[in-house]
Each structure stands twice: as C-alpha cells, then as structure tokens.
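Here is a short report on one protein structure. Keep the sequence and the model open while reading.

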Amino acid sequence: MDLSHMTTETRNAATMDLDQMTPLEIATVMNQEDRKVPLAIEKALPQIARTIEMVENAFRQGGRLFYIGAGTSGRLGVLDASECPPTFGVDGDMVVGLIAGGDKALRFPIEGAEDDRELCVKDLKERGLCPKDVLVGIAASGRTPYVLGGLEYAKSLGCGTAAIACNSGSAVGKAADIAIEAEVGPEVLTGSTRLKSGTAQKLIVNMISTGAMVRIGKAYQNLMVDVVQSNEKLQVRAENIVMEATGVDREKARQTIDAAQGSVKTAITMLLADCGKEEALRRLEEAGGKVRNAIQSR
C-alpha cells in the first residue's frame, strides 16, 4: 500500500494551523481527535474478542502470546508484556514483546530494523516460537516488513495469528488469521502514529492480554487475585483484595495470605470455602484456577 493513500499518513483538516495555535487550542484539538479512538475500536470488537479467545486457548495448552512491532508499535507490545507478570502472577515469558532492533530500540531508533523481514524470524526463533503460541503483529501503517515477516513465519509453524493496524485493508491484516483494524483517521501531527494510532493500539493490547488472563482465572469478580506482592504498596493491595472479596478485616486478611504462602487466590478460597490451604489448592486445581468455581466445588 502506498503511504500517501493511508489515513495514518494524510493531513488532518482540523489541524492545518497547528503551528499557530495556543497551548489551550492544541490541547483542545488533540482531545477532540482522541475521542475518535474508542469509536474506531468499537467497530473491531468482534475481531478483538476472537483474538482474546485464541490467546485464552493457547494459554490453556501451555502456549504463549507474542507481540511483534517496530517503533511505537513495538514499544507498546513490550510494555504490555512487561506488565503481565506483576499484574497476573505469570512467568516472564508467558507474554513476550519483541521490537525491531532489540531492547536498544526501546529508547533509540535502530535504522533499517523495521524493514528487515528476516530479522523478526531470527528474533522469534531465538525465543522458541512454536505451534502452541499465538503471535500478534502490531503496525499502525499495516505494512511494516518486520511484522509481515514474523506473521508469515508464525503461520508457517501453525501458530494462531492476529494483526493490529490503523488502516483498513492492511497488508498485516491480510497476512494474519484475524485482522484488527481500527481506522482512527489522520493524526493531529501528520504521520505521527504515536498519537491516536498509538492510543488505539495500547487500548487493544490491554483488551487482549487482560481478557485472556481473566478467562483463565486470573481474576475473581473484578479483582486481581494473582497479583505479585513485590513491594509495600502491592502488599497492601493484596490485603485489600482479600478484604473486598471476603469481608474480613485487614489483620485476618494478612494472616490468611501468610498462611497461603503469599497467594491471594488461595487465601480468598480458604476464607470463602472455609477450608485449609491444601483443600483450597485442591479446589483451585480442579477448577482450573478459577476462584468462583473453586468455592462452589465440594
């Protein structure tokens, strides 16, 4: 696709005088443009839901979620992957984010990296991509060679694939099993896809990872029951979660978390099922890690 025909590259009629606007005018027009993002995503919700289901199924079979991208798109994938272990208590390689050019590219542009199809294949091979995994390619333009190379390689292995783009009829969308295309329109600053396009991509990866994790039991009601207590704030949050879920006071919540060897999920099950740690663990195992099912089992 020619860049000149992409909505992400065309000029925004509302910001032709951007360089003459006051600070308030700039903030106002950006806010007005940002309101278009959720509306664009709404049209892609069925495709996002299918991706959540695909990732959920992969997780249940021991597979992983891979994000690949270049520039802002790559950074957003790495960001989402980095936040999954503390939020959901999962292993660090259950969700993997790869950016063209490697970790250095998180801070500095790596010339030519995004144009190298084989570079992504190399990166995926190094991380052991296998048929059980799901790969999500992220590319605002929808044409990034690094992402296309990764999608083609993943499909050759039999992996499930999805693509997130901000242009309709995108090349990455055509290369993937599921095309998530949120056409947010021209950027406030022409071609700067770190703006609306980046916002759309961030919201979509939030939905994919959170949705899949919730589906495999990483939440009870809307509580993060597998949160990792890596600092004082998160220790208090863990206590608050147990208190919210069970109605006990803070002292009892902390005592039960300690008895559960730090597992919020186990502590909640112990309290709501009125059982000890071993029984709670048995119930959770039989319930596939879902607290709601564990407390109802016998």
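The report covers salt bridges, one threonine, two pockets and one helix.

## Basis

This is a predicted model. Residue numbers run from 1 along the chain as its sequence is written.

## Salt bridges

The structure contains 18 salt bridges. Side chains of opposite charge can pair when their charged atoms come close. Some of these pairs are described below.

Glutamate 83 and lysine 202 form one such bridge, with N to O at 3.8 Å. That value falls inside the 4 Å cut-off for a salt bridge. Glutamate 83 sits in helix H4 (residues 71–88) and lysine 202 in helix H8 (residues 196–215), so the bridge ties together parts 119 residues apart in sequence. Glutamate 83 is partly exposed, at 37% relative accessible area. Lysine 202 is also partly exposed, at 22%.

## Pairs within a helix

Arginine 254 bridges to aspartate 258, and their closest N and O atoms are 3.2 Å apart. Both belong to helix H10 (residues 250–259); they are four residues apart, so about one helical turn separates them. This pair is also part of a wider network of salt bridges, which links Glu239, Arg250, Arg254 and Asp258.

Helix H12 (residues 277–286) holds arginine 282 and glutamate 286, again four residues apart, or about one turn. They form a salt bridge with closest N and O atoms 2.8 Å apart. Arginine 282 is partly exposed, with 30% relative accessibility. Glutamate 286 is exposed, at 54%. The cut-off for exposed is over 50%, so glutamate 286 passes it.

## Threonine 15

Threonine 15 lies in the segment before helix H1 (23–34). Is threonine 15 buried or exposed? Threonine 15 is buried, and its relative accessible area is 7%.

What does the side chain of threonine 15 reach? It comes to 2.9 Å from the backbone oxygen of valine 188. Beyond its neighbours within four places in sequence, threonine 15 contacts Met21, Val29, Glu187 and Val188. Valine 188 thus appears both in that contact list and as the partner of the threonine 15 side chain.

## Two pockets

Rolling a probe the size of a water molecule over the atoms shows where empty space is left. The largest pocket has a volume of about 360 Å³. It has 18 lining residues, and those nearest its centre are Ala70, Glu114, Ala140, Ser141 and Thr193. H4 gives the most to this lining, with three residues. By class, the lining has five nonpolar, eight polar and five charged residues.

The second largest pocket has a volume of about 170 Å³. Its lining includes Ala70, Gly71, Arg75, Phe108, Pro109, Ile110 and Glu114. Seven of its lining residues are nonpolar, two polar and three charged. Ala70 and Glu114 line this pocket and also lie among the residues nearest the centre of the largest pocket.

## Helix H11

How many of the nine residues of helix H11 (residues 264–272) are buried? Seven are, and the helix is mostly covered. Those buried residues are Val264, Lys265, Thr266, Ala267, Ile268, Thr269 and Met270. Lysine 265, a charged residue by class, is one of them.

What do the buried residues of H11 pack against? Their partners are strand E6 (219–220), helix H9 (232–246), H10, H12 and helix H13 (291–294). H10 and H12 are the helices that hold the bridges arginine 254 to aspartate 258 and arginine 282 to glutamate 286. After H11 comes aspartate 274, with a positive phi near 50°.

Note on methods
Predicted model: local features only at pLDDT ≥ 70, side-chain atom pairs only at ≥ 80, totals over all residues. Heavy atoms only, no water. Salt bridge = Lys/Arg side-chain N within 4 Å of Asp/Glu carboxyl O. Helix = DSSP H or I, 4+ residues; strand = E, 2+ residues; numbered from the N terminus. Buried < 20%, exposed > 50% of the residue type's maximum accessible area, 1.4 Å probe, protein only. Polar contact = N/O pair within 3.5 Å; in protein donor to acceptor, adjacent residues only side chain to side chain. Contact = heavy atoms within 4.5 Å. 1 Å grid on protein atoms, 1.4 Å probe; cavity = no way out; pocket = protein on both sides within 12 Å on 5 of 7 lines; lining within 4 Å. Points joined across faces, edges and corners; volume = space filled by probe spheres on them.
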